[in-house]
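Please open the model in a viewer and keep the selection panel at hand. The tour below proceeds from one selection to the next.

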Amino acid sequence: MFDVWKNVLAEIEKQIPRAAFSTWFNGVELIDAKDGIVEIGIPNVFYKKQLESRYHSLIQECLEKNKIEAREIKYTVQSVMKAKIKARETTNGDKVIQRTTARVEELKYDLPKIQNNSLFNSNLNPKYQMDNFVIGSNNDLAVSVAKSVINNPGANYNPFFLYGGPGLGKTHLVQAIGNEIKRMHPDFKILYISTDHFYADFVNSIKNGKGDEFNRKFRKLDVLIIDDFQQIVGKDRSQEEFFNIFNDLYQLNKQIIVTSDRLPSQIKTLDERLSSRLAMAGAIDLQMPNFEDKCAILKSKAEYMGRDIENEAIEYLAENVKTNIRDLEGEFMRILAFSDFKGMTPLELINDGLISPTRTTKTRAVQPKQIIDKVAKYYDLSVKEMCGKSRVANIKTARQVAMFLLSEELQMSTPKIALEVGVKDHTTVMHGIKKIKGDVKINFSLRDQIEDIKEKIYG
Amino acid sequence: MKIEVTQGKLSKALNVVSKVAASSRSTLPILNNVLIRVDDNKVSLTATNLDMAIVDYLPVSSAENGVITVPARLLAEFVSNLPKSETVVLETKDNKIITKAGKYSSTINGAPADDFPELPEIDEGKVVSFKMGVDEFKVGANQVITASSNDLTRPALTGVFFNTNNNSLYIAATDGYRLAEKKIIEKVESGVAAIVPTASLSEVMRSINDEMDEIEILFDDTQVRFRIGEIEITSKLIDGSFPDYRQLIPKECESEVTLNRAELTRITRLAALFAKEVGGSITCEASVEKNAFIIKSVANEYGENDSELEAAVTKDEKVTLNSRFLIDVLNVVDEDEVRFGFSGKVSPVVIRNEKNQNYTHIIMPLKV
């Protein structure tokens, strides 16, 4: 019955505007349906009137489409949390939780928390939620693994190793997992910590002779989320300590979540034992969003902020910001601020040329020759050396990087690129571009080099 | 619809109402609007964020019936920038509202009132209601709000618990580390146990101004309504159970020290400077030998702090607290002298006013 309710909601979602749906049907649950009398749980009393007067016939129609007879619909206020527990309980064996009034049982749960006064702080930022994480082709795998982690912490994907470039949403996703688990299991001890802080805590604990405390703090956790793990490089004792904590938590089936900007095997000087353990449940990556994903992100952001923005403006941004999602959002906020300030819509601003994305449309102003110059200079070669037929490895790589950048940044055709860099024909260029495209995914020093060159070109 | 009203009155009303409209977390654009309704010369401004709704009844010199919704913040800001002495005329035309004041005028696009959510009704025949002075209410609410939590995973603690006990009305809040309770009405006829969201209560406090003198509070099963002056604020109640907090308040402290509030605030702040590294933990001591109350804090790297207050001490005591919590309570107690009650290292510290015993604030000690 509760699965059917999902279909009912989906049906309703199709028929009314998205903002209205997310406002009025978020947290609305089916409590019971029997003999044509349907009881629907709503988050608070403000929803009642609205559902009764405006959406009553729609709900009725959608219920009946899904073969639930609804002669009468009752709306009952219940908190979101309770609704969730209730739905879970009812599906597992038709137990319905009784509402309890404030009594001593509740207090007992409270008292130890007050007394041991651990001031336990999970470091989770409530602004990161699954609800505001936009799902696209670049991250759908990561999201489905995240959901599995949320539903069964410590079971299937343990450790959950998430990697990807900066600004693609690693921190958002892992914090959202933490927040979601905390909501479902309020008694869980969850800790989000960056690798830097882990290191600092560890060093302090040794300095103050409080190693035991440090040990206890981590070993009593139910979920450990550690961010930016690549920073562990060169911190051998921290690595050792993390390895021990990892093993202890893992054996107790506690969930471990690790993020990094690269695969464990690509983190230099990482202990092999640790490296193989981190990757044992599979490493999941977040990729650059494509054009459609970027549009979806901006649209959802606009909706979240309650702003109305022209599609063309969104497409313009998605087209022009090529670095990462953080920059995309930054550019978006900048245009909004400008638009408030000037009293013009974002599209008017763009059309009037009043706004040029900080590091994006500059692309247009760059000449092929500049790119070639910068690449040659970066690799300490003369343009003549680089644009030739030399097959010396480093010269060849430099040439291929130049081809790659000409294609990526200026969208030049391969025959034109062949002319610019002085190679035989366009197939050589195609091969070169393909090679670099493949290499940047696994060779992180090459990726950094290319970022550096871009910076020099546009900086 | 047409309304004529002075700039001062309109601006004040719009300011109060537009705050609620702006606080909406929803993406539904109409929630950013204020609903303006004229019905038989009665003008009301309404806004809601779906957790609460505010209605402000505006006294006007003349009005024609009608209804419209317009972006609340824009209208509020426009009106607040008009000269104080002007009479403002609001008039609707199609779905627009034209605002005129002397030489100044604006046209703001609105939306039809049909799209505005219908607000829940309260059957005032079936409510439990209380009345009290606005000033006492404001002081009392301030004193407990400070202890309420913003941890959304424990919804019951994000509110203030209105409850009756032995025919008195109390309000209480706790975040699990400290707890504040205030008796706000000495003798009441009816009983209540309801959790009012702290956010809604803060909005009530913001709406109070000097001209108001009485507040009426009405509860039904799912909502609460505050009526102050021309303003009516209706909020959902938090559906949950508040911990049986009375058991946490020690019946009696081992020893009490009476201290000057300003002095105690000063030495707590001084100690807090050195306690940043250790999460704000400071040690409070009472010494019979020195006849003093002492606060100490240690920052390993930077140094340490040690301040004393002269005090009549009957027993040596020592307890470690979070300085932030102590500062919070010292900011809201309303007498010049406070009582600091010790009950050993692991039991809560109780802070009360020296004379009036209707306010109790307890802080759980930190384990060392």
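Select first the open sheet of chain B, in which five strands are arranged in the order β5-β1-β7-β8-β9 with antiparallel pairing. Strands (E, at least two residues) and helices (H or I, at least four) are DSSP runs numbered from the N terminus, and two strands pair if DSSP finds at least two bridges between them. The edges are held by β5 (62-64) and β9 (104-109) of chain B, each with a single partner strand, so one side of each has no neighbour in the sheet. From one strand to the next the twist averages 20 degrees.

This is a predicted model, in which local features need pLDDT of at least 70 and side-chain atom pairs count only at pLDDT 80 or more, whereas totals for chains, interfaces and linings use all residues. Residues are numbered from 1 along each chain as its sequence is written, and chains are lettered from A and ligands numbered from 1 in the order in which they are written.

Next, select β1 (residues 2-6) and β7 (residues 87-93) of chain B, which run antiparallel and are joined by five bridges. B:Ile3 has B:Leu90 as its bridge partner in β7(B). Add α1(B), which packs on the sheet and touches β1, β7 and β8 (96-101) of chain B, its direction making about 105 degrees with that of β1(B). Contact here requires C-beta atoms, placed from the backbone, within 7 Å; axes are lines fitted to C-alpha atoms, for helices over the stretch in contact, and angles run from 0 to 180 degrees between N-to-C directions. Helix α2 (residues 72-80) of chain B lies across β7, β8 and β9 of chain B, at about 175 degrees to β9(B).

Now turn to chain A and select helices α19 (residues 393-410) and α21 (residues 426-442), whose axes come within 8 Å and cross at roughly 90 degrees. α19(A) is therefore roughly perpendicular to α21(A), a term covering 65 to 115 degrees. Among the residues making the contact are A:Met403 and A:Phe404 of α19(A) and A:Ile433 and A:Ile436 of α21(A).

Finally, select A:Lys6 in helix α1 (residues 2-15) of chain A. Is A:Lys6 buried or exposed? A:Lys6 is exposed, with 11 other C-beta atoms within 10 Å; the exposed class ends at 12, and a residue is buried at 20 or more and partly exposed in between, with C-beta atoms placed from the backbone. From A:Lys6 to A:Glu29 the C-alpha to C-alpha distance is 9.2 Å, and the two are 23 residues apart in sequence.

Definitions and conventions: Parallel < 35°, antiparallel > 145°, perpendicular 65-115°, else oblique. Contact = placed C-beta atoms within 7 Å.
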